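Trainee: Could you take one part of this protein and walk me through it slowly? I would like to see how its residues are placed.

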Amino acid sequence: MKIGIVCYPTHGGSGVVATELGAALAENGHSVHIISYAIPFRFDSFRKNLTYHEVEVSAYPLFRYPPYDLALAGTIMEVAEQHGLDILHAHYAIPHAISGHLAREMLNGDGTNVRLITTLHGTDITIIGQQRIFQRITKFGIRKSDGVTSVSNELKERVIETIDCGAQDIEVIPNFVDTQRFTTDCCPDKRGHLAAPDEKIVMHVSNFREVKRPQDVIKAFEIASRQKKARLVMIGDGPDMGACKELARELGVFDRCTFAGTYDAIWELLPQADVFFLPSEYESFGLSALEAMACAVPVVASNTGGLPEVVEDGVSGFLHKPGDTAAMAESIRKLITNEPLAKKMGEAARETAVSRFRREALLPVWEAYYERIMSQPAKS
Ligand code: GMT
């Protein structure tokens with residue numbers, strides 16, 4: 001198949017999923033065209049069947065806000081026409097589904113017959129899609145897509161409850177992980193850089209936005225590490241980073257925190273964690289937790305959104321109400337003070353990642369879904 005994939009290039013789950021899916025499809029012999037405004041950070045190499053197309057945004061002085069959505073539609077149209085795309089897969093509803101729809105409308109019946117599939121990732125529904133100005137356009141993008149997928153059952157239910165999708169059916173296809181890249185192999189030299197030999201490592205990876213509750217990471221770590229020498233490794237960057245550092249100073253744990261910044265090869269760091277910590281207010285899925293699990297790291301997280309579909313409470317980690325930092329701290333304490341428990345849960349986590357979410361298992365699901373959508377008449 002000839003597949004166009006539209007995504008955000010920035011550090012965020014939707015861009016990771018889109019890029020990893022593109023690479024996997026290309027490896028399987030499909031011709032894949034990634035369309036974005038910059039090279040997505042997980043787009044680690046130019047390889048056979050995989051091409052990147054940059055959206056050119058015009059900076060004409062009349063434009064206070066350059067019309068990115070139209071530039072994207074124009075680029076999609078050109079790529080679809082030039083390469084005869086069968087499928088255009090938009091990751092994240094706003095603006096990708098709308099620009100995709102516009103491109104398809106301009107093309108179809110004009111010698112091209114491209115199908116639009118939109119994958120809803122979470123904040124496109126729970127945050128952006130709830131803003132008054134974007135509510136109806138999100139609904140429009142969903143209704144106009146030839147196929148719509150969601151990354152968890154919980155997100156699907158939420159979409160149905162909050163958005164009038166008309167006759168549109170939503171297929172749940174969970175995120176996947178490359179269990180050969182995300183493995184248990186630990187690079188001891190890197191562990192040495194991260195922590196002292198007698199320190200347990202609690203790790204958090206996110207884009208430090210409000211929805212991730214990153215200050216709760218500091219609060220729970222301060223409590224959990226009172227009895228056991230531990231180091232908090234914070235990976236990523238975002239608007240709440242300054243507040244996190246401030247809080248770490250206030251609570252007297254700044255010296256035991258490593259603010260590592262953004263690190264692309266996250267598979268090198270995750271296996272060195274003893275606990276992965278994700279206390280988000282909401283996660284439609286929790287890809288970063290799944291990546292940690294693939295590295296046999298037990299997870300302490302919120303029992304919110306799609307996380308319970310990924311982490312099994314008491315088996316591969318512990319789940320608590322968002323904001324319950326005392327309970328989260330107690331679970332972290334258990335894991336950093338009880339090595340056999342952490343090992344058992346880590347093994348269960350890896351087992352879940354391999355059995356339910358490995359790339360090789362979910363790639364055929366995507367291929368079958370594309371085939372199904374292509375066999376149906378295109379929407380307009
Ligand atoms: O807010 C983020 O974490 C980024 C966001 C994105 O769209 O890039 O992530 C969402 O999509 C990921 C991939 O499907 C999911 O694993 C994340 O749980 C989801 N984030 C939220 O729902 C907050």
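Mentor: Happy to; here is a close look at helix 5, with a short stop at Met293 afterwards. This is a predicted model, where local features need pLDDT of at least 70, side-chain atom pairs count only at pLDDT 80 or more, and totals for chains, interfaces and linings use all residues. Residues are numbered from 1 along each chain as its sequence is written, and side-chain values use heavy atoms, with hydrogens and water left out.

Helix 5 covers residues 132–144; helices here are DSSP runs of H or I with at least four residues, strands are runs of E with at least two, and both are numbered from the N terminus. Its buried residues are Thr138, Gly141 and Ile142, where buried means under 20% relative accessible area, exposed over 50%, and partly exposed in between (1.4 Å probe, protein chains only). Looking down the axis of helix 5, these residues fall within an arc of 95°, so they line one face of the helix; the arc is taken from the directions from the helix axis to the C-beta atoms. An α-helix has 3.6 residues a turn, so residues three or four places apart point the same way. On the other side of helix 5, Arg132, Ile133 and Arg136 are exposed.

What does the buried face pack against? Its partners are helix 3 (96–107), strand 5 (115–120), helix 4 (123–126), strand 6 (147–150) and helix 6 (153–162), with contact meaning heavy atoms within 4.5 Å.

Now for Met293, which sits in helix 10 (residues 287–294). Met293 counts as buried because its relative accessibility is 0%.
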